[in-house]
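Trainee: Could you take me closely through one part of this model, and set that part in the context of its chain?

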Amino acid sequence: MTVILNEGDAAGTTGAASGSPVDAAPEPDKAMTRGRLVLIRFMRNKLALVGLVVIVGMYLMAFVGPLLSKWTYDTQDYSAFLEPPYSEHIFGTDKIGTDMFVLTMRGLQKSLIIGLLVALISTTIAAIVGAAAGYFLGAADKALMWVVDLLLVLPSFLIIAILSPWFRGKSWFLLVVMLAAFQWMITARIVRGMTLTLKEREFVKAAKFMGQPARKIIAKHIVPNMASLLIIDATINVGSAVLAETGLSFFGFGVQSPDVSLGTLIGLNAESATTFPWLFLFPAGFLVVFVLAVNWVGDGLRDALDPTSTRVRRKEKKDTKEKAA
Amino acid sequence: MTTSEIQFDTPADPVLDGPVLQVEDLHVSFPSESGRVRAVRGLSYHVSPGEVLGIVGESGSGKSVSSLAVMGLLPSSARISGSIKFQGRELIGQNDAELSKIRGRRISMVFQDPLSALTPVYTVGDQIAEAILVHRKVSKAAAAKRAVELLDLVGIPNAVERAKAFPHEFSGGMRQRAVIAMAIANDPDLIIADEPTTALDVTVQAQVLQLLETAQEVTGAGIVIITHDLGVVAGFADRLMVMYAGRAVEKGNVDEIYQRPRMPYTLGLLGSIPRLDVSEKQALVPIKGQPPSLTDLPDGCPFAPRCPMVVDACHTAEPPLVDVDGSAEHSAACIRTNEIAAADAEGAEAAVEIFGAEVAGEPEVAKIPREQRDVVLGLDNLVKEYPVNKGVVFKRRVGTVHAVAGITFDVREGETLGLVGESGCGKTTTLMEILNLQKPMGGEISVLGTKSSEVDSKRRFAIRRDMSVVFQDPMASLDPRITIHDCIAEPMQVHGYSKDEINRRVPDLMRLVGLRPEQLSRYPGEFSGGQRQRIGIARALALEPKLVVLDEPVSALDVSIQAGVINLLEELKSKLGLAYLFVAHDLSVVRHIADRVAVMYLGKIIEIGEVDSVFDAPRHPYTQALLSAIPIPDPVKERQRERIILTGDLPSPANPPSGCRFRTRCFLHASLPPEQQRKCIDVEPPREVQAPDHEAACHFAQIRQVL
């Protein structure tokens, strides 16, 4: 198609972008910085704001909550076994008398950190490796993709299970690294493919021909143009990291007792879901709310970063008609 | 070949008296989030048998929607009212099954994009045969035979073999031919062609127009041709209808409209076309602003916001289409037609007068004789070849694509060199070689006196400051993720400008290209194509380069917007003393903007020289053919012109013909006696001086007037 839809050269006229989401430029002469624009657009998305508030609230709750309670996760109240929530134990107690509130908060701490860190690390690795392989091609591409393929065929669960005795007693951060190491490969492949197409776009060529070095082209033009993919990928990864950790912990490889995570709590108390629902519902509810909030924030971030994303879907329908015009 | 039993009616065969198509007060609207889009608002026209009606307008003026309504191809959400009578039979309100009997049989359509109009998984012959089998009770063999005949008729060489080919094995021009073959397969009474040449090269465009003419002669059908380019239809259409905002704003005979346009919009369209046949600098008329939104049209004339002749009365009511000049044949919708009629000048000159367009002056440096100016870009025998490899595990080299086979030219300070040629001739490869600044495979590139084979990365970085690029596609050339400010600032950041300096310069650059600095915090997606191209130009000028490489900068734009961008480029050149390397396939744009022109064919420059000399007295047969293929927006001249139609497509650059590369398609070569033909086959013609600053590479170069 050589004819451009909605063509019009409105040099010096206002018509072009009336009703655009960034009409409100505070100072007419000075351009808004990108960060400020993204922030404004993000703030406009109510659901994302709610998500953000929920996440921040959960962090506060997880880290401050246990300090306010008189119980700790490794002490028991021998006067209350399997008690439903009441004033002394607001989330109830489990069968050995541990306070469920502190226990859930302790689990939430671990899951929050593990989920977010794993997602962040794995998506970052995926973006860097994929973009570098796609942009430079040749030997770099061959080597990196060989690593990707190798990691893809390794059974990650088994390896983490085998290695777990070795990192027993060491920092939980090792678990994060292990989980991240096995989560980035498929995204890296997708990123590489997208880089190959983006590389041929004229704005990337323009940057190259103005003398922009390769790493800056990747950082400034290629990765931001995949932001939607990466953000969605990261939000999915938060969920799957928490679940992977849950799975490992369930089999006794991940977070070790007496320390807990949401995963171990859910795993332990799944069978009591109908009989003593507070044992199961509180950890599971927090997990659901947390993953949901992360997704909302992810959606909002994507829309804020991508100037076309919200409008695109609405415009698409219109465009097909205008095309016919 | 014996002919199959299906035959065309004799052209004179009177099916019915009266018009084939009669459209009365047609309204089409679509629902949308922001209200109903009234795409067509009260359109009336008719097409007589054997007549060619041209419908002209910018994108979004409703020209395609109105013809889709005739075909009954609009989505079900569209609301249609009015009357469409085909051979006296009402089409509106008929169900799809009824319409299907007419579609493809009595009315057929040629679409813009020949690639998407053919199914990739069936052979071309099968697809044409299918068109016949749907409507006629004939055997499969007869239909297949008929398909081959039709392919032959539309000028596809070796039709028996080619009927078995798949669409991807056809070039763009051949695909469009196949689509036309399909359109005429059932001897229709009406052919609707929707921008049939927009996606094609100029040489192919001429072939396709010629073919449509043939198709009309063979079938005797009425033709509706839709286009945004007034030049295309000048020689082809009998009557013309100009559409704006869903309505006809001017209707009349083609000569009337070109010579005595009575509506400012038509004037603007006419004035915006650069003309091939005008040697002195002509002022191009840009139509400011953009078409109105069709959801809430203001009262009054929809063109009023963009009209240079607007008066208060224009805003009160929408002017009806009334007869002008006392002729029932010519009508226009403007309250000031009489004043336009009273103007001294006619046609495009009147447009220049009314729209107040100006010719940009020559840059200061142009006063110095060319030989004494510095060479900003020099190519000496540049060669670029690509290997053709075969095999998966062991790659064997089975051939070489000679994309650029030794080209030499230079661009001096303050001048514009136009580089023209068909797609696939190596223009883009040449550009990429220049922009990459690597050591070339053969030959030498020098930018501002520095040879690219000798530069290190530091020097290369320094050269990039003096050379910038503007790309063809305004959609793809700006990063959609960064604001216009960051986009224009990027080259300055790369080259270490201070923050204050950047913040000072960016608004200046915006003003320089005719945009408002308040828009700097917006994203590229919020701008129109023409504005985006201006932003691309602003970015290219950020580092105050000496040379700007322009890769088809206006070919993706509508004609009226194109004029604005061309004017801007000219103005900038005279203001800043830039040198341009302007790559284009549209020769009329090149004539308008370039000082010198180089014509490329299969990786070689076959003619180069001062632009007026090359255009007025072309020596090489290929240049002559190219020039004769460009339509001139003047129906009288256009009908008198003799077209040189090149046969066939560009040969593969992997296996170029021996001797003169053009000989396989050369009309001059074909007319020579055998002993002279030998010379063309054996000896590659060198580039020889034909006139001052005019070289051509042909053994038998002779001047031929083609304009």
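Mentor: What follows concerns an open sheet in chain B, preceded by a short account of the chain itself. This is a predicted model, in which local features need pLDDT of at least 70 and side-chain atom pairs count only at pLDDT 80 or more, whereas totals for chains, interfaces and linings use all residues. Residues are numbered from 1 along each chain as its sequence is written, while chains are lettered from A and ligands numbered from 1 in the order in which they are written.

Chain B holds 25 helices and 24 strands, these being DSSP runs numbered from the N terminus (helices H or I, at least four residues; strands E, at least two). Its radius of gyration, taken over C-alpha atoms, is 27 Å, close to the 27 Å that the globule rule (2.2 Å times the number of residues to the power 0.38) gives for 707 residues, so chain B is as compact as a globular protein of that length. Along its principal axes, the C-alpha trace of chain B spans about 75 × 70 × 55 Å.

Within this chain, four strands form an open sheet in the order β14-β13-β16-β17 (chain B), with antiparallel pairing, where two strands count as paired if DSSP finds at least two bridges between them. The edges are taken by β14 (396–412) and β17 (450–451) of chain B, each of which has a single partner strand, so one side of each is left without a neighbour in the sheet. At the β17(B) edge, strand β16 (residues 442–447) of chain B runs antiparallel to β17(B) and is joined to it by two bridges, and S446(B) stands opposite K451(B) in β17(B).
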